[in-house]
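This report examines how the side chains of one protein chain are packed. The sequence and the structure are shown first, and the discussion follows.

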Amino acid sequence: MTEHNPARPSWRCRACGRFWPCSAAKLLLLATYRDRRTALIDHLEGLQAQATEEMAGQNGNRPPDLTDRFTAWAQAG
């Protein structure tokens, strides 16, 4: 079974092909960082910065704002 990890530099899920983090990856991240929401946000912000850089390198354009995709969902709750 393929894990729900990002395929770089596209940042799509290796398992389901959806934009990463997909729903399964979000659930895993929430479980991994249970009771450590600030650490989760810090981790996701770092990944968002990497994704922004890697996606921009693919076509030379800045990708759309990735905040909703990477961190906004984790701040709720």
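Is Thr71 buried or exposed? In this predicted model, Thr71 counts as buried because its relative accessibility is 3% and the cut-off for burial is under 20%. Thr71 lies in helix H3. Leaving aside residues up to four places away in sequence, Thr71 touches Ile41, Leu44, Glu45 and Gln48.

**Helix H3**

The buried residues of H3 are Arg69, Phe70, Thr71, Trp73 and Ala74. These residues lie on the same side of H3, because they cover an arc of only 160 degrees around the axis. A general property of helices is relevant here: an α-helix has 3.6 residues a turn, so residues three or four places apart point the same way. Asp68 and Gln75, on the other side of H3, are exposed. The cover over the buried residues of H3 includes S2, H1 and H2.

**The nonpolar core**

The largest nonpolar core has 17 residues, and those that touch the most other members are Trp11, Trp20, Leu29, Leu40, Leu44, Phe70 and Ala74. At least two residues of this core come from each of helix H1 (23-32), helix H2 (37-59) and helix H3 (67-75). H2 supplies the largest share, six residues. For Leu40, the contacts are Leu29, Leu30, Tyr33 and Ala74, again not counting residues up to four places away in sequence.

**Aromatic pairs**

How many aromatic pairs does the structure hold? There are three. Such a pair is described by the distance of the ring centres and the angle of the planes. Two of the pairs are set out below.

| Pair | Centre to centre | Angle between planes | Geometry |
|---|---|---|---|
| Trp11 and Phe70 | 5.7 Å | 65 degrees | edge-to-face |
| Trp20 and Phe70 | 6.1 Å | 55 degrees | tilted |

The pair of Trp11 and Phe70 links distant parts of the chain, 59 residues apart: Trp11 is in the loop between strand S1 (6-7) and strand S2 (12-13), and Phe70 is in helix H3. The pair of Trp20 and Phe70 ties together parts that are 50 residues apart in sequence, because Trp20 lies in the loop between S2 and H1 whereas Phe70 lies in helix H3. Trp11 and Phe70 are both buried, and Trp20 is buried as well. Ring pairs join Trp11, Trp20 and Phe70 into a cluster.

**Cysteines**

A search of the whole structure for disulfides finds zero. Why does Cys16 form no bond with the closest cysteine sulfur, in Cys13? The sulfur of Cys16 is 3.6 Å from that of Cys13, which is too far for a bond, since a disulfide requires sulfur atoms within 2.5 Å. Cys22 is likewise in no disulfide, and the nearest cysteine sulfur to it, that of Cys13, is 3.7 Å away. With a relative accessible area of 36%, Cys16 is partly exposed, whereas Cys22, at 4% relative accessibility, counts as buried.

**An exposed position in H2**

Glu53 is located in helix H2. Glu53 counts as exposed because its relative accessibility is 62%, and the cut-off for exposure is over 50%. The C-alpha atom of Glu53 is separated by 9.0 Å from that of Pro9, and the two residues are 44 residues apart along the chain.

Notes:
Residues are numbered from 1 along each chain as its sequence is written. This is a predicted model: local features need pLDDT of at least 70, side-chain atom pairs count only at pLDDT 80 or more; totals for chains, interfaces and linings use all residues. Side-chain values use heavy atoms; hydrogens and water are left out. A nonpolar core is a set of buried Ala, Val, Leu, Ile, Met, Phe, Trp, Tyr and Cys residues joined through side-chain atoms within 4.5 Å. Buried means under 20% relative accessible area, exposed over 50%, partly exposed in between (1.4 Å probe, protein chains only). Helices (H or I, at least four residues) and strands (E, at least two) are DSSP runs, numbered from the N terminus. Contact means heavy atoms within 4.5 Å. Rings of Phe, Tyr and Trp (its six-membered ring) pair if their centres lie within 6.5 Å; planes under 30 degrees apart count as stacked, over 60 as edge-to-face and the rest as tilted. The arc is that of the directions from the helix axis to the C-beta atoms.
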